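Good morning, colleagues. I should like to take you through one structure, beginning with a single side chain and working outwards to the sheet.

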Amino acid sequence: MRVAVTGATGTIGSALVRELRARGDEVTALSRDPERASASLGVPAERWGDPSHERPPAAALSGHDAVVHLIGETIAQRWTDAAKREISESRVLGTRNLVAGMRALPESERPRVLVSQSGAGFYGARGDERLDEGAPAGDDFVAQMVVDWEAEANAAAELGLRVATTRTGPVLSEGGALGKMLPFFKLGLGGPVAGGRQYFPWVHLDDVVGAQLFALDTDAAGGPLNVTAPEPVTNKEFSSALGRVLHRPAFAPVPGLALKALYGEMAMIVTTGQRAVPTRLTELGYAFRRPDLEDALSEATGG
């Protein structure tokens with residue numbers, strides 16, 4: 001396949017590009033800094049300078065079989081009004097402009113598949129309710145942003161593309177959210193957050209990439225796909241597992257009020273959660289690479 005990847009230099013994007021190349025696919029990266037992207041990834045790169053305000057260049061999409069769209073400003077920051085606007089616009093407007101770029105191509109040169117990153121935050125705070133892809137959206141900031149984000153991706157279906165929106169949970173990798181937790185847990189200061197009863201729909205980076213490749217290759221993989229481990233765990237169970245992997249105690253409770261004081265509204269993504277399950281991926285036959293939490297944590301922490 002010829003695959004265009006946006007956000008290709010990020011943690012998920014760079015891992016995906018490596019696997020696409022390893023299996024013989026041709027990859028084009030879209031990046032604000034194409035020279036750096038090409039040098040680090042070893043693939044051709046095209047400049048997409050401001051995804052929120054401009055369409056990608058035709059050369060980045062024309063003649064490609066598929067697009068994997070991963071661009072989005074980090075959610076893990078204090079949510080000022082300006083930050084919330086950037087978080088939303090980078091996803092919603094960036095996806096709108098991507099689809100506009102495909103619409104501008106002659107029909108014969110358009111990609112056939114769009115795999116567009118989404119988030120398990122679509123479901124909002126739902127307690128211990130088991131959430132498959134048929135569950136309705138939540139009503140908080142993240143949930144409504146994801147609704148708008150997916151709507152822009154689904155507009156590509158009007159152009160004849162098969163569209164899969166991958167509702168990804170918190171990704172276990174060397175960096176990201178796990179990287180922020182590790183210093184505290186290594187000092188024995190980690191533990192359950194806000195009581196620890198909220199669900200944590202984790203997924204290992206290997207399965208994020210595996211699910212994206214599966215979505216590219218599987219004709220029936222359209223619509224929303226929960227990209228989460230087969231069994232989500234509570235925050236308390238996650239903390240205990242991380243402590244065992246690191247051989248450290250993990251009993252120090254972290255009060256929700258302390259997190260809210262530190263992070264403001266953004267603390268809700270830690271103090272609440274979703275019991276999202278990958279029903280569609282399982283039904284379609286995806287075989288998880290790292291379904292076991294302790295194995296996933298051991299790999300992600302280098303242990």
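**From one arginine to the sheet**

Arginine 47 is partly exposed, its relative accessible area being 47%. I should state at once that we are looking at a predicted model.

With which residue does the side chain of arginine 47 meet in a salt bridge? The partner is glutamate 35, at 3.5 Å from N to O. Arginine 47 belongs to strand 3 and glutamate 35 to helix 2, so this pair links parts that lie twelve residues apart in sequence. Glutamate 35 itself counts as exposed, with 52% relative accessibility; the cut-off for that class is over 50%.

The two elements concerned also meet in the packing. Helix 2, residues 34-41, lies across strand 2 (26-31) and strand 3. Its direction is at about 165° to that of strand 3.

Let me now place strand 3 in the sheet. The sheet is open, has seven strands in the order 3-2-1-4-5-7-11, and is paired in parallel. Strand 3 (45-47) and strand 11 (223-227) are at the edges with a single partner strand each, and therefore one side of each has no neighbour in the sheet. From one strand to the next, the twist averages 20°.

At the edge formed by strand 11, the partner is strand 7, residues 162-168. How many bridges join strand 7 to strand 11? There are five, and the two strands run parallel. One residue pair may serve as a landmark: threonine 168 has valine 227, in strand 11, as its bridge partner.

Strand 7 also holds threonine 166. Is threonine 166 buried or exposed? Threonine 166 is buried, with a relative accessible area of 1%. Beyond its neighbours within four places in sequence, threonine 166 is in contact with Val115, Ser116, Gln117, Ser118, Gly119, Leu225 and Val227.

A helix spans this part of the sheet as well. Helix 6, residues 205-217, lies across strand 1 (2-6), strand 4 (66-69), strand 5 (113-119), strand 7 and strand 11. Relative to strand 5, helix 6 runs at about 145°.

I return to the charged residues. The search of the whole structure yields 16 salt bridges, and I shall discuss two further examples.

The first example is aspartate 65 with arginine 112, whose closest N and O atoms are 2.8 Å apart. Aspartate 65 sits in the loop between strand 3 and strand 4, and arginine 112 in the loop between helix 3 (81-103) and strand 5, so the pair ties together parts that are 47 residues apart in sequence. Aspartate 65 is buried, at 19% relative accessible area; the class requires a value under 20%.

Salt bridges with shared partners also make one network of Arg23, Asp25 and Asp217. Within it, the side chains of aspartate 25 and arginine 23 meet at 2.5 Å, N to O. Aspartate 25 is buried, with a relative accessible area of 12%, whereas arginine 23 is partly exposed at 36%.

Finally, we turn to the nonpolar surface. Which residues make the nonpolar surface patch of about 350 Å²? The patch is made by Phe184, Leu187 and Leu189. Leucine 187 is found in the loop between helix 5 (176-186) and strand 9 (199-200), and counts as exposed at 64% relative accessibility.

Conventions. Residues numbered from 1 in each chain as written. Predicted model: local features only at pLDDT ≥ 70, side-chain atom pairs only at ≥ 80, totals over all residues. Heavy atoms only, no water. Pairing = 2+ DSSP bridges. Helix = DSSP H or I, 4+ residues; strand = E, 2+ residues; numbered from the N terminus. Axes fitted to C-alpha atoms, helices over the stretch in contact; angles between N-to-C directions. Contact = heavy atoms within 4.5 Å. Salt bridge = Lys/Arg side-chain N within 4 Å of Asp/Glu carboxyl O. Buried < 20%, exposed > 50% of the residue type's maximum accessible area, 1.4 Å probe, protein only. Patch = residues over 30% accessible without salt bridge, like charges linked within 9 Å, V, L, I, M, F, W, Y side chains within 5 Å. Areas by Shrake-Rupley, 256 points an atom, 1.4 Å probe, with all protein chains shown as cover.
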